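These are my notes from going through one model, entry by entry. I began with a single side chain and worked outward from there.

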Amino acid sequence: MFMAPEGLNKDSRIVEKTDLYSFAVTVLFLMFPAELAIKLLFLPIEENWEEFNQSLSGFPLLLQIFKSLLPNPRERVDFDSWKLIIQEMKTFDMNCLRNL
């Protein structure tokens, strides 16, 4: 289980995007070996966010994870955008199977 940064502040408000932060970290650890997932979590991307964002445009799930890990909860993606990504993954999987 992973906690969003705002969870460390007793005065902060826990919101839906706080749970999505934890979900994104869990997905990251499911996708990659733990050592790589930890390195990805600590990438210094804030100062080059636009460049980083563009470089992941071909990897929507990974981009969604990083958008869920933004320090400011207001800037993170919401539940509806996660539903879209998951739906796209289902379609992607079906299309790949059809092409085999």
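**Entry 1: R76 and its surroundings.** I looked up what R76 touches, leaving aside residues up to four places away in sequence, and the list reads A4, P5, E6, K17, T18, Y21, K67, S68, L69, L70 and P71. I note that this is a predicted model. R76 itself is found in the loop between α4 and α5. I then checked whether R76 counts as buried or exposed. Its relative accessible area is 3%, and because buried means under 20%, R76 is buried. For a polar partner I found the backbone oxygen of L70, which lies 2.6 Å from a polar atom of the R76 side chain. Among the residues that R76 touches are K17, T18 and Y21, and these three also appear among the buried residues of α1, so helix α1 was my next stop.

**Entry 2: helix α1.** Which residues of α1 are buried? I noted K17, T18, L20, Y21, S22, A24, V25, V27 and L28. I also tested the length of the helix, which covers residues 16-31: at 1.5 Å a residue its 16 residues should span 22 Å, and the end C-alpha atoms are 23 Å apart, which agrees.

F23 also has its place in helix α1, but with a relative accessible area of 35% it is partly exposed, since that class takes in values between the buried limit of 20% and the exposed limit of 50%. I looked up its distance to A4 as well: the two residues are 19 apart in sequence, and their C-alpha atoms are 9.8 Å apart in space. A4 had already come up as one of the residues touched by R76.

**Entry 3: the nonpolar core.** The largest nonpolar core has 22 residues, and within it I65, F66, L69 and W82 are those with the most contacts. Elements giving two or more residues to this core are α1, α2 (34-41), α3 (49-55), α4 (60-68) and α5 (79-98). Which element gives the most? It is α1, with six residues.

**Entry 4: salt bridges.** I found two salt bridges in the structure. In one of them K39 pairs with E35, the closest N and O atoms being 3.7 Å apart; both residues lie in helix α2, four residues apart, about one turn of the helix. K39 is exposed at a relative accessible area of 52%, and E35 is exposed at 60%.

K83 forms a salt bridge with D80, where the closest N and O atoms are 3.6 Å apart. Both belong to helix α5 and sit three residues apart, about one turn of the helix. Here K83 is partly exposed, with a relative accessible area of 45%, and D80 counts as partly exposed at 48%. I added a reminder on spacing: an α-helix has 3.6 residues a turn, so residues three or four places apart point the same way.

**Entry 5: the whole chain.** I closed with the overall values. The protein has five helices and zero strands, and from the N terminus on its elements run α-α-α-α-α. Of its 100 residues, 32% are buried. Among contacts with a separation of 6 or more, 48% join residues 24 or more positions apart. The accessible surface comes to about 7,300 Å², and 61% of that belongs to carbon and sulfur atoms.

Conventions: Residues are numbered from 1 along each chain as its sequence is written. This is a predicted model: local features need pLDDT of at least 70, side-chain atom pairs count only at pLDDT 80 or more; totals for chains, interfaces and linings use all residues. Side-chain values use heavy atoms; hydrogens and water are left out. The expected span of a helix is 1.5 Å times one less than its number of residues. Buried means under 20% relative accessible area, exposed over 50%, partly exposed in between (1.4 Å probe, protein chains only). A nonpolar core is a set of buried Ala, Val, Leu, Ile, Met, Phe, Trp, Tyr and Cys residues joined through side-chain atoms within 4.5 Å. Contact means heavy atoms within 4.5 Å. Accessible areas come from the Shrake-Rupley method with a 1.4 Å probe; for residues, only the protein chains shown count as cover. A polar contact is a pair of N or O atoms within 3.5 Å; within protein, one must be able to donate a hydrogen and the other to accept it, and residues adjacent in sequence count only if both atoms are side-chain atoms. A salt bridge is a side-chain nitrogen of Lys or Arg within 4 Å of a carboxyl oxygen of Asp or Glu.
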